[in-house]
Amino acid sequence: MIDLRSDTVTRPSDQMRARMAAAPVGDDVYGEDPTVNALESAAAEIFGKEAALLTPSGTMANQLALKTHTIVGDEVIAGRDMHVFLSEGGAAAFIAGVSLNLINSERGIVKAQDVAAAVRAEDIHHPPTRLVWLENTHNRGGGTVYPLSLVREISEVARAHGLALHIDGARIFNAAVASRRSPAECVAAADTLTFCLSKGLGCPIGSMVAGPADFIKEARRWRKALGGGMRQAGIIAAAGLWALEHNVDRMEEDHANARLLAERLCDHPLVRIDMRQVETNMVMIGLDARVSPAELAAGARAEGVLFLPFGPERVRLVTHLDIERQDAVEASGIILSVLDSMR
Ligand code: TLP
């Protein structure tokens with residue numbers, strides 16, 4: 001099977017497993033796991049933040065960030081199609097107890113003036129706006145990279161109104177590699193960020209939150225309360241350390257493979273792909289009304305290629321560590337032949 005459903009499907013390599021097996025561990029709830037401590041320090045340094053915290057998933061990392069930035073009844077400005085709104089089970093409402101003020105975006109990219117317009121005026125009728133939330137790269141947008149100048153502009157709007165800025169950087173390393181910036185540059189304008197070890201970095205488990213030391217101290221308390229305090233988590237952290245050392249620069253290959261897939265598919269009359277929009281490791285394929293995303297996915301699955309329907313007229317292909325150039329060539333051939341059979 002050529003699995004293009006997500007970059008979460010990667011399996012740990014033998015070398016990563018060896019590093020995990022050899023990791024010194026301790027009880028992380030007591031702060032005594034040397035490998036977790038090493039990973040948290042390394043992540044803080046890479047992103048130029050004071051501290052970082054390991055979590056079991058990106059969803060928990062995001063929810064901890066929301067919970068730590070806000071109090072019940074606050075409002076958070078976010079794009080309409082961000083993961084925190086669409087794909088986290090409505091947790092913002094019942095964990096942090098916040099409402100999301102959703103603004104429009106173009107392929108996931110919001111405008112600074114729309115952020116400014118969404119900030120609530122002080123009024124007894126209004127929830128207090130507390131936080132601005134961005135997603136880089138943007139998943140539903142198709143792996144879109146936020147231009148750094150825009151992140152800075154939005155952070156100025158946030159600061160002018162006394163708001164914090166958070167980046168859901170589940171795929172921030174893809175953004176950094178694609179824009180040839182350091183990860184720290186990509187998040188310098190934000191107060192806090194989350195990122196995933198379990199996506200393009202190829203780890204089996206894990207995500208992280210990073211930010212000021214007092215923020216991370218508070219997030220650590222919420223993580224424990226939500227059942228995310230792990231014990232000998234150095235086993236997981238070791239994979240993270242391995243990945244940060246070995247799996248960042250190679251994301252270029254994932255981006256090249258996504259472009260290759262898109263190039264080979266884009267001329268088919270039943271699909272719409274704008275090559276300029278293939279920026280990182282995702283290809284969003286718009287489909288002609290005659291093609292149902294579920295049928296296309298089922299037809300490809302029968303021939304050994306997996307990908308996900310992503311809305312009523314789209315499918316999403318994601319490249320990753322376990323996809324070689326040859327897999328991209330083979331997968332595109334199979335998808336083209338299934339499309340041909342649907343004409
Ligand atoms: N994204 C998954 C699915 O949930 C859609 C995927 O396959 O892309 N932020 C962003 C931007 C994400 O894309 C995801 C996962 C998360 C947070 C949550 O991470 P996990 O799955 O570790 O909870």
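**Close-ups: aromatic pairs, charges over rings and an open sheet**

There are 3 aromatic pairs in this structure, which is a predicted model.

**View 1. Phe47 meets Phe195 in a tilted pair.** The ring centres of Phe47 and Phe195 are 5.0 Å apart. Their planes make an angle of 40°, and planes between 30 and 60 degrees apart are called tilted, so that's the label this pair gets. In sequence the two partners are distant, with their positions 148 residues apart: Phe47 belongs to helix 2 (residues 34–47), while Phe195 belongs to strand 7 (residues 192–196). Buried or exposed, Phe47 and Phe195? Both are buried.

**View 2. Phe195 also pairs with Phe173, this time edge-to-face.** Here the planes of Phe173 and Phe195 are 80° apart, and the centres are separated by 5.6 Å. Phe173 comes from helix 8 (residues 172–179) and Phe195 from strand 7, so this pair ties together parts of the chain 22 residues apart in sequence. Phe173 has a relative accessible area of 3%, and Phe195 has 1%. Under 20% counts as buried, so both Phe173 and Phe195 make the cut.

**View 3. Put those two pairs together and you get a cluster.** Which residues form the one aromatic cluster here? They're Phe47, Phe173 and Phe195. Phe195 is the residue to look for, as it pairs with Phe47 and with Phe173.

**View 4. Arg140 puts its charged end over Phe310.** How far is the charged end of Arg140 from the centre of the Phe310 ring? The distance is 4.1 Å.

**View 5. Arg221 does likewise with Trp222.** The charged end of Arg221 sits over the Trp222 ring, and 4.9 Å separates it from the ring centre.

**View 6. Four strands make an open, antiparallel sheet.** Reading across the sheet, the 4 strands come in the order 9-10-13-12. Which strands are at the edges? Strand 9 (271–272) and strand 12 (308–309) are, each with pairing on one side only.

**View 7. Strand 12 lines up against strand 13.** The two run antiparallel and are joined by 2 bridges, with strand 13 spanning residues 314–318. Look for Pro309, whose bridge partner in strand 13 is Val315.

**View 8. Helix 12 lies across part of the sheet.** Helix 12 covers residues 251–265 and lies across strand 9, strand 10 (282–287) and strand 13. Against strand 10, helix 12 runs at about 20°.

Definitions and conventions:
Residues numbered from 1 in each chain as written. Predicted model: local features only at pLDDT ≥ 70, side-chain atom pairs only at ≥ 80, totals over all residues. Heavy atoms only, no water. Phe/Tyr/Trp six-rings, centres within 6.5 Å; stacked < 30°, edge-to-face > 60°. Buried < 20%, exposed > 50% of the residue type's maximum accessible area, 1.4 Å probe, protein only. Lys NZ or Arg CZ within 6 Å of the ring centre and 35° of its normal. Pairing = 2+ DSSP bridges. Contact = heavy atoms within 4.5 Å. Axes fitted to C-alpha atoms, helices over the stretch in contact; angles between N-to-C directions.
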